[in-house]
Amino acid sequence: MGFEHTSVMPQEVHEHQNLKPGNISVDCTLGGAGHALATIKAILPGGTLIGIDQDLNAIHHAKKILHPFKENTLLFHSNFSDLPTILNSNGIKGVNSILLDLGFSLNQLKNGNRGFSFNKNEPLDMRMDIRNDLTAFEIVNSFPESELTSIFFKFGEEKFSRRIAKKIVEIRKNTPIHTSSELAQIIIDIIPAKYKFKQRIHPATRVFQAIRIAVNRELEQLEKFMQTVPSLLLKGGRLCIISFHSLEDRIVKHALRKFENNCTCPKDLPICLCGFIPQMKSVFRKPLVATKEEIKFNPMARSAKLRVAQKI
Ligand SMILES: C[S@@+](CC[C@H](N)C(=O)[O-])C[C@H]1O[C@@H](n2cnc3c(N)ncnc32)[C@H](O)[C@@H]1O
């Protein structure tokens, strides 16, 4: 079976990565390797592409796609928060560009057989990296009601978090909840009809997003990675990050703000005396979004936000 995924905002990413032949470039989220393929072509001759994905299927696929460029490619089945260690152990002191295209691929959703989709009847797993211990099954069937409520509310911004958590706990007392469709049906049944039919999205969308974020510790990994960004880039190097929901974008925006302007001097002081030295500069204030044409052709681009920053 082929790998289903269409890269989001490919032109914008390509333009803002600012790549040149000979560059060292990192794709932290290989997925279908669409962005990675464009990147490697732009940095040849002489460049090196470092590709990372925590999903082994994505690594296998990327190996095939990038095979013609294998002399210039290093691939790692790893979490992008491990990038400092990966660069260190390969003797790389800094890179010219880093790309993160967050979240999941269409392939994981459609062909993963890991319960990412509420439209499929699959085991509740949701791990992108199957070497990790925590699964969606464990969260749904063993986390206390209060913790479920908090996950649904914090990571899914789900209005009916409390009700859904209560129902899950009630049902699992009799029999464990094994599959994505069992869980989706519980959510559909508990959400009041007037909200269910008013929403543009499937009623289970938010809870599934919340569980996926919790299983993969997505926000934690992103925060950990963001702390390290300035130390990974060479001067003039670019960071491009595509996020798909406000929780991710907030982490990226706040981390960049801290590297850009964390001066603690009183506002009326004419010069900075606190010793803050900016490390990064955002290339544009507001994130870029996909064009209407792209969204028509690739609905996954609908909620994409691209932020770009440069190492000073
Ligand atoms: C949206 S897809 C990337 C698509 C890719 N840019 C393309 O052009 O096909 C996101 C990928 O990132 C991977 N991923 C998500 N979080 C990760 C993390 N913390 N570390 C490594 N890989 C991650 C997922 O497994 C998935 O394959």
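Two residues are in contact here if their C-beta atoms, placed from the backbone, lie within 7 Å. The exercises below concern a predicted model.

**Exercise 1. Determine how far helix α2 is enclosed, and find what its buried residues pack against.**

Solution. Begin with the cut-off, by which a residue is buried if 20 or more other C-beta atoms lie within 10 Å of its own. In α2, 7 of the 10 residues are buried, so the helix is largely enclosed by the rest of the structure. Those buried residues are Gly 34, His 35, Ala 36, Leu 37, Thr 39, Ile 40 and Ile 43. As the last step, look for their partners: the buried residues of α2 pack against α1 (10-17), β1 (24-27), β2, α3 (56-65), β3 (73-77) and β4.

**Exercise 2. Describe the shell around the ligand, by its nearest residues and by class.**

Solution. There are 21 residues around the ligand, and the ones that come nearest are Ser 7, Thr 29, Gly 31, Gly 32 and Gly 34. The elements that give two or more residues to this shell are α2 (34-43) and β2 (48-53). Sorted by class, the shell holds 6 nonpolar, 12 polar and 3 charged residues.

**Exercise 3. Check whether the overall dimensions of the protein agree or disagree with a compact globule.**

Solution. A compact globule of 312 residues would have a radius of gyration near 20 Å, and the protein has 21 Å, which agrees. The C-alpha trace spans about 60 × 55 × 40 Å along its principal axes. Within the protein there are 14 helices and 8 strands, and buried residues make up 43% of the 312 residues. Turning to contacts with a separation of 6 or more, residues 24 or more positions apart account for 69% of them.

**Exercise 4. Compare the expected span of helix α12 with its span in the model, then locate its bend and its surroundings.**

Solution. Helix α12 has 15 residues (residues 218-232), which at 1.5 Å a residue should span 21 Å; the end C-alpha atoms are 20 Å apart, so the two values agree. The helix nevertheless bends by about 30° at Met 226, and a proline, Pro 230, follows within four residues. Met 226 is also one of the buried residues of α12, the others being Glu 218, Leu 222, Phe 225, Val 229 and Leu 232. What covers these buried residues includes α4 (83-89), β4 (95-101), α11 (205-215), β5 (233-243), α13 (246-260) and β6 (280-282).

**Exercise 5. Examine the backbone at Pro 45, Met 9 and Asn 113, and state where each residue is found.**

Solution. Start with Pro 45, which is found in the loop between α2 and β2; a cis peptide bond joins Leu 44 to this proline, with omega about 0°. Next, Met 9 lies in the segment before α1 and has phi near 45°, a positive value in a residue other than glycine. Met 9 has 23 C-beta neighbours inside 10 Å, and therefore counts as buried. Finally, Asn 113, in the loop between α5 (106-111) and α6 (136-142), has a positive phi near 55°. With 13 C-beta neighbours inside 10 Å, Asn 113 counts as partly exposed.

**Exercise 6. Place Ile 168 in the structure and list the residues that it touches.**

Solution. Ile 168 lies in helix α8 (residues 161-172), and Ile 168 is buried because 24 other C-beta atoms are within 10 Å. Leaving aside residues up to four places away in sequence, Ile 168 touches Val 140, Leu 148, Ile 177 and Ile 186.

Methods: Residues are numbered from 1 along each chain as its sequence is written. This is a predicted model: local features need pLDDT of at least 70, side-chain atom pairs count only at pLDDT 80 or more; totals for chains, interfaces and linings use all residues. A residue is near a molecule or strand if its C-beta atom, placed from the backbone, lies within 6 Å of it. Ala, Val, Leu, Ile, Met, Phe, Trp, Tyr, Cys and Pro count as nonpolar, Asp, Glu, Lys and Arg as charged, and the others, Gly among them, as polar. The radius of gyration is taken over C-alpha atoms; the globule rule is 2.2 Å times the number of residues to the power 0.38. A residue is buried if 20 or more other C-beta atoms lie within 10 Å of its own, exposed if 12 or fewer, and partly exposed in between; C-beta atoms are placed from the backbone. The expected span of a helix is 1.5 Å times one less than its number of residues. The bend at a residue is the angle between axes fitted to the seven residues ending there and the seven starting there.
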